[in-house]
Amino acid sequence: MDLPSHVLWTYALERVTAPNFVNSNLEFVLASLFFAALPDLLESTPFLIYLTLHRKKYNLKKLVSVYSFAIDINHNRQNEYDASFPWAAKISFYTHSFLLFILFALLLRSFSHWLSFSFLIGYGLHLFIDVFLHKDYFASKPLYPLSNFSIYGFITWYKTKNFSKYNYSLLFLTYLMLFWFR
Ligand SMILES: [Zn+2]
């Protein structure tokens with residue numbers, strides 16, 4: 001799922017399941033929404049910086065072309081992505097590993113309980129949703145880097161016709177119900 005959708009669904013779910021808690025714990029909610037975006041931010045930022053620095057080599061004149069090149073090779077030319085930028089392809093498996101997620105949550109717990117809990121919610125929900133929506137090259141590898149064992153989802157969202165249209169319609173309806181018909 002795209003990054004804004006991860007954030008929007010996380011907030012909607014928090015509002016539906018714990019409205020009072022959400023209203024009185026702004027810091028917790030904001031942190032969890034940041035964590036909901038983090039797996040993909042960590043995945044894409046190094047690749048985008050690398051492409052920007054080497055944009056002459058790949059004939060990418062504008063920053064917009066850097067961005068669309070990154071999206072295109074990541075979604076549509078995964079063999080080439082794996083062969084030409086193996087380090088970038090691997091980052092995704094690290095940031096979407098359940099094993100590393102749990103380890104990091106435990107580490108965070110020794111600093112702050114609430115932050116660790118908000119990490120569990122935001123980051124955890126992102127990884128959980130991704131399991132169902134990737135059945136291609138980016139199928140979830142929950143035990144990475146210890147094992148390449150993969151869980152194949154039902155669909156791959158960016159290869160599913162009209163996925164974003166349905167997704168955003170559903171989000172729109174959900175938010176309408178949350179804020180209009182309270
Ligand atoms: Zn993701």
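## A tour of the helices, starting from F132

Select F132 first: setting aside neighbours within four places in sequence, F132 is in contact with G153 and F154. The model is a predicted one, and every stop below refers to that prediction. F132 sits in helix α8, which covers residues 113-133. Fifteen is the number to keep in mind here: F132 counts as partly exposed because 15 other C-beta atoms lie within 10 Å, where 20 or more would make a residue buried and 12 or fewer exposed. Now add I151 to the selection. I151 is 19 residues from F132 in sequence, and their C-alpha atoms are 8.6 Å apart.

**α8 with α3**

Keep α8 on screen and select helix α3, residues 26-53. The axes of α3 and α8 come within 7 Å and cross at roughly 40 degrees. The two helices are therefore oblique to each other, and their crossing is right-handed. To display the contact from the α3 side, select F28, A31, S32, L33, F34, F35, A36, L38 and P39. From the α8 side, select W114, L115, S118, F119, I121, G122, Y123, L125, H126 and L127. What is the make-up of this contact in nonpolar, polar and charged residues? Colouring by residue class gives 15 nonpolar, four polar and no charged.

**α8 with α1**

Leave α8 in place and bring in helix α1, residues 3-17. Here the axes come within 10 Å and cross at roughly 115 degrees. As α1 passes α8, the crossing is right-handed. Select H6, T10 and L13 in α1, which meet G122, L125, H126 and I129 in α8. The residues of this contact divide into three nonpolar, four polar and no charged. G122, L125 and H126 also appear among the α8 residues that contact α3, so to speak a shared stop on the tour.

**α1 with α9**

Hide α8, keep α1, and show helix α9, residues 163-179. α1 and α9 pack at an angle of about 30 degrees, and their axes are 11 Å apart. The crossing of this pair is left-handed. On α1, pick S5, L8, A12 and R15; on α9, pick N167, L171, T174, Y175 and L178. This contact holds five nonpolar residues, three polar and one charged.

**F163 in α9**

Stay on α9 and select F163. Is F163 buried, exposed or partly exposed? With 17 other C-beta atoms within 10 Å, F163 is partly exposed. Then draw a distance from F163 to Q78: the two are 85 residues apart along the chain, and their C-alpha atoms are separated by 20 Å.

**The largest nonpolar core**

For the last stop, select F47, L51, V66, A70, I73, Y81 and A88. These seven residues make up the largest nonpolar core. Helices α3 and α4, the latter spanning 63-75, each supply at least two of the residues. Which helix gives the most to this core? The answer is α4, with three residues. Finish by centring on V66, a member of the core. Not counting residues up to four places away in sequence, V66 touches L48, L51, T52, R55 and L60. Of these neighbours, L51 is one of the core residues too.

Definitions and conventions:
Residues numbered from 1 in each chain as written. Predicted model: local features only at pLDDT ≥ 70, side-chain atom pairs only at ≥ 80, totals over all residues. Helix = DSSP H or I, 4+ residues; strand = E, 2+ residues; numbered from the N terminus. Contact = placed C-beta atoms within 7 Å. Axes fitted to C-alpha atoms, helices over the stretch in contact; angles between N-to-C directions. Parallel < 35°, antiparallel > 145°, perpendicular 65-115°, else oblique. Left-handed = near helix turned anticlockwise from the far one by under 90°. Nonpolar A, V, L, I, M, F, W, Y, C, P; charged D, E, K, R; others polar. Core = buried A, V, L, I, M, F, W, Y, C linked by C-beta atoms within 7 Å.
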